[in-house]
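Trainee: Got a minute? I'm new to this one and would like someone to walk me through it.

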Number of protein chains: 2
Amino acid sequence: MNQNMEVDNERMEKSLRKLGEWKEVVNELLEKEFKTYTKRAKEIHPEASRMVEYLRNFSMRGGKRIRPGLVIAGYKAVGGNNHGRITKAAVSLEAFQTYVLIHDDVEDEDDERRGGPTMHKMYEEVYEKEDMIGGKEKYGRNIAITAGSLAGSYSVDTLSKTDFDAETKIKAVRKLEQIHRYTAAGQTLDHTINHRKTEEVTEEDVLKIHELKTAQYTIAGPLELGAILGKGTKEQIKVLREFGIKAGKAFQTYDDMLGLYGTKEKLGKPVDSDLKEGKKTLLILKALENGNEEQKEKIKKALGNKNITQKQVEEVRKIVKETGSYEYSKKRVSKMIEESKEALKDSNKINPEIKEFLLGIADYIITREV
Amino acid sequence: MNQNMEVDNERMEKSLRKLGEWKEVVNELLEKEFKTYTKRAKEIHPEASRMVEYLRNFSMRGGKRIRPGLVIAGYKAVGGNNHGRITKAAVSLEAFQTYVLIHDDVEDEDDERRGGPTMHKMYEEVYEKEDMIGGKEKYGRNIAITAGSLAGSYSVDTLSKTDFDAETKIKAVRKLEQIHRYTAAGQTLDHTINHRKTEEVTEEDVLKIHELKTAQYTIAGPLELGAILGKGTKEQIKVLREFGIKAGKAFQTYDDMLGLYGTKEKLGKPVDSDLKEGKKTLLILKALENGNEEQKEKIKKALGNKNITQKQVEEVRKIVKETGSYEYSKKRVSKMIEESKEALKDSNKINPEIKEFLLGIADYIITREV
């Protein structure tokens, strides 16, 4: 999508290298945390150790560590300079992400994540291997709900045991819980619109989900959390939030485009999973708004269809382009990314190095391969 | 069951009155918290407000507030004297309990709780009333998972915004998350043994669940959390933990007895729900160990049977008594309660008034009506 936008490729590559460096450190720290939790779990029961082992497998098998990266960026943006301390805190957001993904997979009944089985599928394997009784799906689902919650607990624990002063940590914990509430509201709204008839769902609903689940949770929240840990001023936090909300909305809109036009290899999940799940994306809503009767009918037949064929996926892809819906989303994404950059550019309150980093991240958001 | 034990009725009544007084204050504070959360949710989306309203309904419709009561007791046990401050913190454990119950009901597919519909059932009603699509059970379950998690978020938030100093609050948050981990381990083990063939399950497994889910979560954890907020010494906390673990194990063993021999009115849920769910209680394990072939066969047919009849429930009740299993559990409960009292009696480290309160609570645990 970068061909229509002014993208500074060099700056973007630099941001990605930085994100990659931070990812390495976050991964090392994650491994260390899992060692601690394994040790504790072993003292409790073998089933507790197995759960930590599975969480480790799920967490370490993939993921770009964008959220922890943005916690680090938020901290440095306001002048924080204790790299070791902030990376330990950043781990918290990755544990939170693990929690969200596991529950999300249970709720959407997805089989694959990050190129491997989802948590409930991992436990369905246990059920089979150990010749259990009472229903494979039920066992997988119930244990995965608990595993997700356990990862959620790690997110609070890892944050509250860092070396920041207690006042600052309490503020950060409260921010984390605010992110938690936004995410829950987004999830609730997401499920609700997916269970409403398509004609009852508005563009406003969809954008609210983008704001809550992605803008707040993925971009603005992590940046603000980092800024709180760096004792940033209200003005600094406001700039980061503005950037985050706009970039985050763009991120999700673009993610939905990837979800329809991406490949299984890039996504780490089947390309038909959004359609199967009946996800009412902006792409789908606009195509239904602008399509003719035949096109509408085809989309409605594909949406939420568990037995969708590859041909139907191709048809929906075609219709979304033919109705101008693809172009509409693309323009929205470009506009929001421009606005996110504006929010940063005018500010002299943010560490210039991090400003450059975030501008590169904004470009990355709309340059991910479809 | 009190006829065989030395129970000081006057002391017990006094403890229950105290617990009742604290319950009133905790309920007032819970209402206040729900008002705050409603106000915030309204700014987000009507679906967010509905969720807070439903959480309020679920939370306020019943419950003895034992856990918040024990937080208050733990605080006062070590000399804490700011009643207003500790009651606000105690609310945290009630929010946590709401979280645990909602997920528990989803996992066990229970319809009723505290004399009303479970959270997923409440949302199934929404689904029907608002003529939604995509599967009633799925919608109810998915939204309830999120609602439970939201209540979990409240538990951290209410604790971290109290007026205790930040150092103490961070310690308390970490304790809360330790309770969270114990509860998750207990839940995992509970589901796992319920999905294992009965002959693979040991008494040790069952007692471990009692330790994790009830002793740690219901009694010892809340007492310790309160003691941490009251800046108790290690010795004081150790005494409270010892009392809590023993009384908690007795509590759960007795609870399983109530689950089989209680009435729907007292339990707030159908009397056959433990059997339907296939819950492998100490009562069931011992009856299977000591029963003859016919008795064993009858229990196995009842356990996990979704279509269990009232006659089958009566038969299981009879067999559990005939095999001496009921008496075995009863003796274990009495012994553990005696030991819990011993742990307190020898200590001169605990506020005498609270010592009396806890001794009364220990008696209450085994005097609840069957």
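**Helices, copies and a few odd residues**

Mentor: Sure, let's start with a helix pair: helix H3 (residues 66–77) of chain A and helix H16 (residues 352–365) of chain A have axes that come within 8 Å and cross at roughly 145°. Axes here are lines fitted to C-alpha atoms, for helices over the stretch in contact, and angles run from 0 to 180 degrees between N-to-C directions. Helices (H or I, at least four residues) and strands (E, at least two) are DSSP runs, numbered from the N terminus.

Trainee: What kind of model is this, and how are residues and chains labelled?

Mentor: This is a predicted model, where local features need pLDDT of at least 70, side-chain atom pairs count only at pLDDT 80 or more, and totals for chains, interfaces and linings use all residues. Residues are numbered from 1 along each chain as its sequence is written, while chains are lettered from A and ligands numbered from 1 in the order in which they are written.

Trainee: OK, back to that pair. Which residues of H3(A) and H16(A) meet?

Mentor: From H3(A) you have A:Ala73, A:Lys76 and A:Ala77, and they meet A:Ile354, A:Phe357 and A:Leu358 of H16(A). Two residues are in contact if their C-beta atoms, placed from the backbone, lie within 7 Å. By class that contact is five nonpolar, no polar and one charged. Ala, Val, Leu, Ile, Met, Phe, Trp, Tyr, Cys and Pro count as nonpolar, Asp, Glu, Lys and Arg as charged, and the others, Gly among them, as polar.

Trainee: Is the crossing of H3(A) and H16(A) left-handed or right-handed?

Mentor: H3(A) passes H16(A) in a left-handed crossing. A crossing is left-handed if the near helix is turned anticlockwise from the far one by less than a right angle, and right-handed if clockwise.

Trainee: Got another pair? At what angle do H13 and H14 of chain A pack?

Mentor: Helix H13 (residues 293–302) and helix H14 (residues 310–322) of chain A pack at about 135°, with their axes 10 Å apart. H13(A) and H14(A) are therefore oblique to each other. For the cut-offs, angles under 35 degrees count as roughly parallel, over 145 as roughly antiparallel, 65 to 115 as roughly perpendicular and the rest as oblique. The crossing of H13(A) and H14(A) is left-handed. A:Gln295, A:Lys298, A:Ile299 and A:Ala302 on H13(A) meet A:Gln312, A:Glu315, A:Val316 and A:Ile319 on H14(A). Those residues split into four nonpolar, two polar and two charged.

Trainee: Now chain B. What turn lays chain B on chain A?

Mentor: A turn of 180° with a shift of 0.0 Å along the axis does it, at an RMSD of 0.0 Å. That is the relation of a two-fold axis. The copies are superposed by least squares on the C-alpha atoms of residues with pLDDT of at least 70 in both. In chain B, the residue closest to the rotation axis is B:Ala166, at 2.6 Å (C-alpha).

Trainee: And how many residues does each chain put into the contact?

Mentor: Chain B gives 46 residues and chain A gives 46 residues. On chain B's side, the elements giving two or more residues are helix H2 (46–60), helix H4 (83–108), helix H6 (136–160) and helix H7 (166–194). H7(B) gives the most, with 17 residues. Chain B's side has 17 nonpolar, 17 polar and twelve charged residues. 100% of the interface residues of chain B are also interface residues in chain A, so the copies meet through the same surface.

Trainee: Can you show me a bit of that contact? Which residues of H2(A) and H7(B) meet?

Mentor: A:Glu47, A:Ala48 and A:Met51 in H2(A) meet B:Ala185, B:Thr188, B:Leu189 and B:Thr192 in H7(B). The axes of helix H2 (residues 46–60) of chain A and H7(B) come within 9 Å and cross at roughly 110°. H2(A) and H7(B) are therefore roughly perpendicular to each other.

Trainee: Last topic. Is A:Asp131 buried or exposed?

Mentor: A:Asp131 is exposed, with 9 other C-beta atoms within 10 Å. A residue is buried if 20 or more other C-beta atoms lie within 10 Å of its own, exposed if 12 or fewer, and partly exposed in between, with C-beta atoms placed from the backbone. A:Asp131 sits in the loop between helix H5 (119–129) and helix H6 (136–160) of chain A, and its phi is positive, near 50°, in a residue other than glycine.
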